[in-house]
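Work through the exercises below with the model open. Try each task before reading its solution.

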Amino acid sequence: MRLALFGGTFDPIHTAHLAVAREAADHFQLDRVLLIPNAIPPHKERRATAGYRHRLAMVELAAQTDPRFAASRLEEGQTKSYSILTIERVRGEIDPKAELFFLIGADAFSEIETWFRWPDVLERVEFIVLSRPGYTFDIPKGARVHRLETLSLDVSSTVIRRRLAAGETPPELPPAVLEYIRANALYI
Ligand code: ATP
Ligand code: MG
């Protein structure tokens, strides 16, 4: 079993998240990609963000676009999302024998050495780092890193939230997610 964890605030999840996850699953023969909404870290912009329940609902809708994707509640209820704790839970509870991969954008990976217990994270998973326009990163010593460079999409939830707040319809939202946002009057 080749299992990948893909965490994010997913506020909201967008087509680039899904495109890079699909590309990674194809390239690295992943059997399953867990899309894991995080608790929103306090340093993130607070304006017009959606609560956990809504972000999870949108991830569940988006996960239906590929049979390898599944929405995961692994970080539900946590005040802070620590990847190492999620990784240990997956190892302990879900599949101790799985080959574990961690999907992460270049922007987030470039900050890996600030993470709680980051050397343990590097030891326990192989990274698939997703290119993102404008971001470069160094590879810490000992890290197992695959670069996914076949896609580099200039899409972010920040820009999508801004466009929704301005009354626009961003094209980078899966139709079911856009419908959910409208039905629940999010990001306005
Ligand atoms: P925000 O603008 O709110 O930070 P975001 O678009 O960066 O939103 P996140 O939920 O922060 O989305 O990202 C979750 C994960 O997906 C992170 O590892 C991030 O680097 C990655 N990611 C997000 N957008 C892209 C993209 N366009 N290409 C590659 N990776 C991406
Ligand atoms: Mg981000």
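**Exercise 1. Is Gln29 buried or exposed? Find its place and its backbone oddity.**

Step 1. Gln29 is exposed, because its relative accessible area is 52%. The classes are buried under 20% relative accessible area, exposed over 50%, and partly exposed in between (1.4 Å probe, protein chains only).
Step 2. Gln29 sits in the loop between H1 and E2. Helices (H or I, at least four residues) and strands (E, at least two) are DSSP runs, numbered from the N terminus.
Step 3. The phi of Gln29 is positive, near 50°, in a residue other than glycine.

This is a predicted model, in which local features need pLDDT of at least 70, side-chain atom pairs count only at pLDDT 80 or more, and totals for chains, interfaces and linings use all residues. Side-chain values use heavy atoms, without hydrogens and water, residues are numbered from 1 along each chain as its sequence is written, and chains are lettered from A and ligands numbered from 1 in the order in which they are written.

**Exercise 2. Is Tyr187 buried or exposed? Locate it.**

Step 1. Tyr187 is buried, since its relative accessible area is 4%.
Step 2. Tyr187 lies in the segment after helix H7 (175–183).
Step 3. Its phi is positive, about 65°, although Tyr187 is not a glycine.

**Exercise 3. What is the strand order of the open sheet?**

Step 1. The six strands run E3-E2-E1-E4-E5-E6, with parallel pairing. Two strands pair if DSSP finds at least two bridges between them.
Step 2. Strand E3 (69–71) and strand E6 (145–148) are the edges, each pairing on one side only.
Step 3. Neighbouring strands are turned by 25° against each other on average, direction ignored.
Step 4. Take one pair: E1 (residues 2–8) and E4 (residues 99–105) share five bridges in the parallel sense. Leu3 has Leu100 in E4 as its bridge partner.

**Exercise 4. Which residues of H3 are buried, and what do they pack against?**

Step 1. The buried residues are Ser83, Ile84, Thr86, Ile87 and Val90.
Step 2. They lie on the same side of H3, because they cover an arc of only 165° around the axis. The arc is that of the directions from the helix axis to the C-beta atoms.
Step 3. Exposed Gly92 and Glu93 are on the face of H3 turned away from its buried side.
Step 4. The buried residues of H3 pack against E1, E2, E4 and helix H5 (118–124). Contact means heavy atoms within 4.5 Å.

How values were computed. Axes are lines fitted to C-alpha atoms, for helices over the stretch in contact, and angles run from 0 to 180 degrees between N-to-C directions.
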